[in-house]
Amino acid sequence: MSEGDRMQAPRHGGLATISPERFDAVIFDLDGVVTDTREAHRAAWKRLFDSFLEARGDSAGEDTRPFDAEDYRRHVDGKPRYDGVRDFLASRGIDLPRGDPSDPADRETICGLGNRKNIYFHEWLAANRVRAFPDALEFIRAVRAAGLQTAIISSSRNCRAVLESAGIADLFDVRVDGSDMARLKLPGKPDPAIFSRAAKRMGAMPDRAAAIEDAIAGVEAGRRGGFALVVGVDRSGDLRDGDSLRAHGADVVTGDLTDLLAEEQRTLADLRPLSQIPSVWDEREEFERRLGRRRAAVFLDYDGTLTPIVEDFSEATLSEEMHKVLSELAQRYPVAVISGRDLNDVRNRVGIDTIFYAGSHGFDIAGPKGWREELQRGREFLPDLDAAESELRDAVEPVGGAAVERKTFSIAVHYRQASEDDVGAIEDAVDDALEAHPRLRKSRGKKVFQVQPRTDWDKGRALLWLLDRLDLDRDDVLPLYIGDDLTDEDAFRALAERPADGIGIVVRDGDDPRTTAARFALDGPEDVRRFLGLMIDLCRGDAR
């Protein structure tokens, strides 16, 4: 690819704009680009090498100065752990045997030292929540909303744990990490293998993909891989760091990924950690002010919202109390349940014939008096889903505690009852099925991987479709969406970003670090039932 070809991306403000006209996919490095764990890695590396060097004393011909920031940047940042150990030791004139990945952490081999560093990092991870950079979250959601695929790459085997700690695992269609590198024998950066693997799994050509990196080895890898745009992320603000990234292959360098968005791509949703979302009860006056004299239209998730999350998904049944309040609510407001469950499943579980139901995340919709709409855009994916279901049953069901649930327009792979040690293998099986069926994509819920058609349809679009279809997209109607899961964020964002008003209410359950576009919060299904009772009282004029 010529230098001129590389720079044909639309530009604004001196930076390239990542848009669907020029790109199909964006590949992100993890540490330092998406998550703020670089300091944790630096601290773990420094603890490892400083103690190691001090113990060696004044060995002849060896440089035993303490490990510093320049060592981190030049020798270990962005590389697989054992490669980082090897390269740093070589820079100090120290030669150790490689050893074996099974070496104990106290053995003085390259693998032994690498394993010790991993222990130090896990000690940090156990005591802290990983923070995702707000600009990265906005950027990722914007490019996904524009229809681009996203992949996360990391040379670390801790990638999955970091994503789950930060609550952002659902934002990526593909993950390629240190475990994949070991299994597939992929060389580390600056070799482009990890980027190329991620692009291949998304079915994207490098000349239609962007690579985003913060490490010198990473931008070199993106350049060698022939990617259409290599973005260097410099969060230090040090001009020398930015110059180094450019010198090693970055087409553009920025400290804020939202600089790469055109104005029309910028989200209107205010994303905040769940812990910072106020309860409806704490801001009841504000909620009632926003409702005013308008009629509410109430949209609800099922699992985790109307029922508690249970170990066995088939046991999630509606309580008599919730059934009663929903029945009364539906006499006063338009009510719809939007669920990942099959239409017939969720309709039978709720059992109220005066409300609307959207099953399979909105591909199959029904309402009172026999009204039903099945979106044809889902039908064309049925052969892909059938084949993927068969492959997943063969690969996943032998794993203890895992279950494959086929729905008409999606497949749920549950792992709530599986051992934590088996989750990686279960996700690998899902990823293998997606690689074989590129018309399908993966999303995440609470202890479940969802396999769905790769099309621009989700709970948010289903909600907007229902508002239009039911003639509720009016100024005198206030739509509310209540949900607990990652898939419900699509609905929260749809309401936050529509020109008219709408309110998302997130149902919290424990210490979840993810960010949300919801405006208010409730604490569990019982709190949801109480809130729906408030809505009934407000309609009757009985609220105090």
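Two residues are in contact here when heavy atoms of one lie within 4.5 Å of the other. The model is predicted. This briefing covers an open sheet of eight strands, the enclosed strand β3, several helix packings, and a set of individual residues in loops.

**The eight-stranded sheet**

- The strand order in this open sheet is β14-β13-β12-β11-β10-β19-β20-β22, and the pairing is mixed.
- The edges are taken by β14 (372-374) and β22 (520-522); each has a single partner strand, so one side of each has no neighbour in the sheet.
- From one strand to the next, the twist averages 20°.
- At the β14 end, strand β13 (residues 364-366) pairs with β14 in the antiparallel sense, over three bridges.
- Within that pairing, D364 is placed opposite E374 of β14.
- Helix α18 (residues 489-497) lies across two strands, β19 (477-483) and β20 (503-507), and runs at about 155° to β19.

**Strand β3 and its partners**

- Strand β3 (residues 25-29) is largely enclosed by the rest of the structure, because five of its five residues are buried.
- In a regular strand, side chains alternate between the two faces of the sheet.
- For β3, both faces are covered: A25, I27 and D29 are buried on one side, and V26 and F28 are buried on the other.
- One partner of β3 is strand β4 (residues 149-153), paired in the parallel sense over five bridges; here V26 stands opposite T150.
- Another partner is strand β6 (residues 209-213), also parallel to β3, over four bridges; here V26 stands opposite A210.

**Packing of α3 and α4**

- Helix α3 (residues 69-76) packs on helix α4 (residues 81-91) at an angle of about 120°, and their axes are 9 Å apart.
- With that angle, α3 counts as oblique to α4.
- The two helices, α3 and α4, cross in a right-handed sense.
- On the α3 side the contact involves D71, H75 and V76, and on the α4 side G84, D87, F88 and S91.
- Sorted by class, the residues of this contact between α3 and α4 are two nonpolar, three polar and two charged.

**Packing of α17 and α18**

- Helix α17 (residues 459-469) and α18 have axes that come within 6 Å and cross at roughly 50°.
- The crossing angle makes α17 oblique to α18.
- From α17, the residues K459, G460, L463 and L464 make the contact; from α18, D490, A491, A494 and L495 do.
- Five residues of this contact between α17 and α18 are nonpolar, one is polar and two are charged.

**Helix α13**

- Buried residues of helix α13 (residues 320-330) are M322, V325, L326, S327, L329 and A330.
- The cover over these buried α13 residues includes two strands, β10 (295-300) and β11 (335-338), as well as two helices, α14 (343-350) and α19 (525-540).

**R514, a buried arginine**

- R514 is located in the loop between β20 and β21 (515-516).
- Its relative accessibility is 2%, and because the cut-off for buried is under 20%, R514 counts as buried.
- Leaving out residues up to four places away in sequence, R514 touches A166, G167, R272, P273, L274, D484, D485, L486, E489 and V506.
- One of these, G167, is 347 residues from R514 in sequence but 4.2 Å away in space, C-alpha to C-alpha.

**Backbone features in loops**

- The peptide bond that joins K189 and P190 is cis, with omega of about 15°.
- P190 sits in the loop between α8 (178-184) and α9 (193-202).
- K185 lies in the loop between α8 and α9, and its phi is near 55°, a positive value in a residue other than glycine.
- K185 has a relative accessible area of 71%, so it is exposed.
- S360 also has a positive phi, near 50°, and is likewise a residue other than glycine.
- The loop that holds S360 runs between β12 (356-359) and β13.
- S360 has a relative accessible area of 1% and is buried, whereas K185 is exposed.

Technical notes
Residues are numbered from 1 along each chain as its sequence is written. This is a predicted model: local features need pLDDT of at least 70, side-chain atom pairs count only at pLDDT 80 or more; totals for chains, interfaces and linings use all residues. Side-chain values use heavy atoms; hydrogens and water are left out. Two strands pair if DSSP finds at least two bridges between them. Axes are lines fitted to C-alpha atoms, for helices over the stretch in contact, and angles run from 0 to 180 degrees between N-to-C directions. Angles under 35 degrees count as roughly parallel, over 145 as roughly antiparallel, 65 to 115 as roughly perpendicular and the rest as oblique. A crossing is left-handed if the near helix is turned anticlockwise from the far one by less than a right angle, and right-handed if clockwise. Ala, Val, Leu, Ile, Met, Phe, Trp, Tyr, Cys and Pro count as nonpolar, Asp, Glu, Lys and Arg as charged, and the others, Gly among them, as polar. Buried means under 20% relative accessible area, exposed over 50%, partly exposed in between (1.4 Å probe, protein chains only).
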